[in-house]
Amino acid sequence: MKIRVVSSREEIFTLDPNERVVHLAFRPSNMDVFALVEACPKVEVIQLPESYRQKVSKAIEMYLEIQRIQLMEGDVWGHRKDIYEYYIIPISVIKDLKKLELEGAPSEEIEKIVKENKLTPEMITYMLSRDT
C-alpha cells in the first residue's frame, strides 16, 4: 500500500487526483484540507502526525466524516521524501496481518508486526478492510 507524503501546502496542487491515502507532514489549515479533497476526489484517508491531529478543528472533522474520508493519526518515521514521494507498506505485511486475523492469532503477534512497521491500529483496520 502506498501512502503519498505531502510536505507542504504548495504540493497539494500537484497531487495525482487518484491518490487514496495521503499523509500530511505539515500542520494543515482548514483551507489546506478543502484543497486536498478538491485536488484528490478519490482520497479515502488523510493521515496526520499525532500533534497535528490533535489541532484539527471540529468543522474539518465533520466535513471529512460527511465526505466519508477517514482522518487518522500516524507517522512515516524515517521516510526520505527527497528519495521517493510515497511511504510504502509492503504487500507482504498486509498479507501477514490478514492471515493472522483469519487464524485468530494472539494480539501479541499482530502487535509485533504493527510495531516493526510503525503502523497505527486505525491504519491496520483500514488496510484489512481493503481488497489486496
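Let's start with a helix pair. The crossing of helix 4 and helix 5 is left-handed. Keep in mind that this is a predicted model. Helix 4 covers residues 91-103, and helix 5 covers residues 107-116. Their axes sit 10 Å apart, and the packing angle is about 170°. Angles over 145 degrees count as roughly antiparallel. Helix 4 and helix 5 are therefore roughly antiparallel to each other.

Which residues make the contact between helix 4 and helix 5? From helix 4, they are V93, D96, L97 and L100. From helix 5, they are E109, I110 and I113.

Now the sheet. This is an open sheet of 5 strands. The order is 4-3-2-1-5, and the pairing is mixed. Which strands stand at the edges? Strand 4 and strand 5, residues 86-88, do. Each has a single partner strand, so one side of each is left without a neighbour in the sheet. From one strand to the next, the twist averages 30°.

Let's move to strand 3, residues 45-48. On one side, strand 3 pairs with strand 2, residues 21-24. That pairing is parallel, over 3 bridges. V22 stands opposite I46 in strand 3. H23 stands opposite Q47. Strand 3 also pairs with strand 4, residues 70-73. Again the sense is parallel, this time over 4 bridges. Here Q47 stands opposite M72 in strand 4. So look at Q47 in the viewer: H23 of strand 2 is opposite Q47, and M72 of strand 4 is opposite Q47 too.

What about the side chains of strand 3? In a regular strand, side chains alternate between the two faces of the sheet. Strand 3 shows V45 and Q47 pointing one way. I46 and L48 point the other way. Are these four buried or exposed? V45, I46, Q47 and L48 are all buried.

Next, the connection. How do strand 2 and strand 3 fit together with helix 1? Strand 2, helix 1 and strand 3 make a β-α-β unit, and the unit is right-handed. Helix 1 spans residues 30-39.

Last item: helix 6, residues 121-129. Helix 6 lies across strand 1, residues 2-6, and also across strand 2, strand 3 and strand 4. Relative to strand 4, helix 6 runs at about 135°.

That's the tour. Thanks, everyone.

Methods. Residues are numbered from 1 along each chain as its sequence is written. This is a predicted model: local features need pLDDT of at least 70, side-chain atom pairs count only at pLDDT 80 or more; totals for chains, interfaces and linings use all residues. Side-chain values use heavy atoms; hydrogens and water are left out. Buried means under 20% relative accessible area, exposed over 50%, partly exposed in between (1.4 Å probe, protein chains only). Helices (H or I, at least four residues) and strands (E, at least two) are DSSP runs, numbered from the N terminus. Two strands pair if DSSP finds at least two bridges between them. A crossover is right-handed if, with the strands pointing away from the viewer, the path from the first strand over the helix to the second runs clockwise. Axes are lines fitted to C-alpha atoms, for helices over the stretch in contact, and angles run from 0 to 180 degrees between N-to-C directions. Angles under 35 degrees count as roughly parallel, over 145 as roughly antiparallel, 65 to 115 as roughly perpendicular and the rest as oblique. A crossing is left-handed if the near helix is turned anticlockwise from the far one by less than a right angle, and right-handed if clockwise. Contact means heavy atoms within 4.5 Å.
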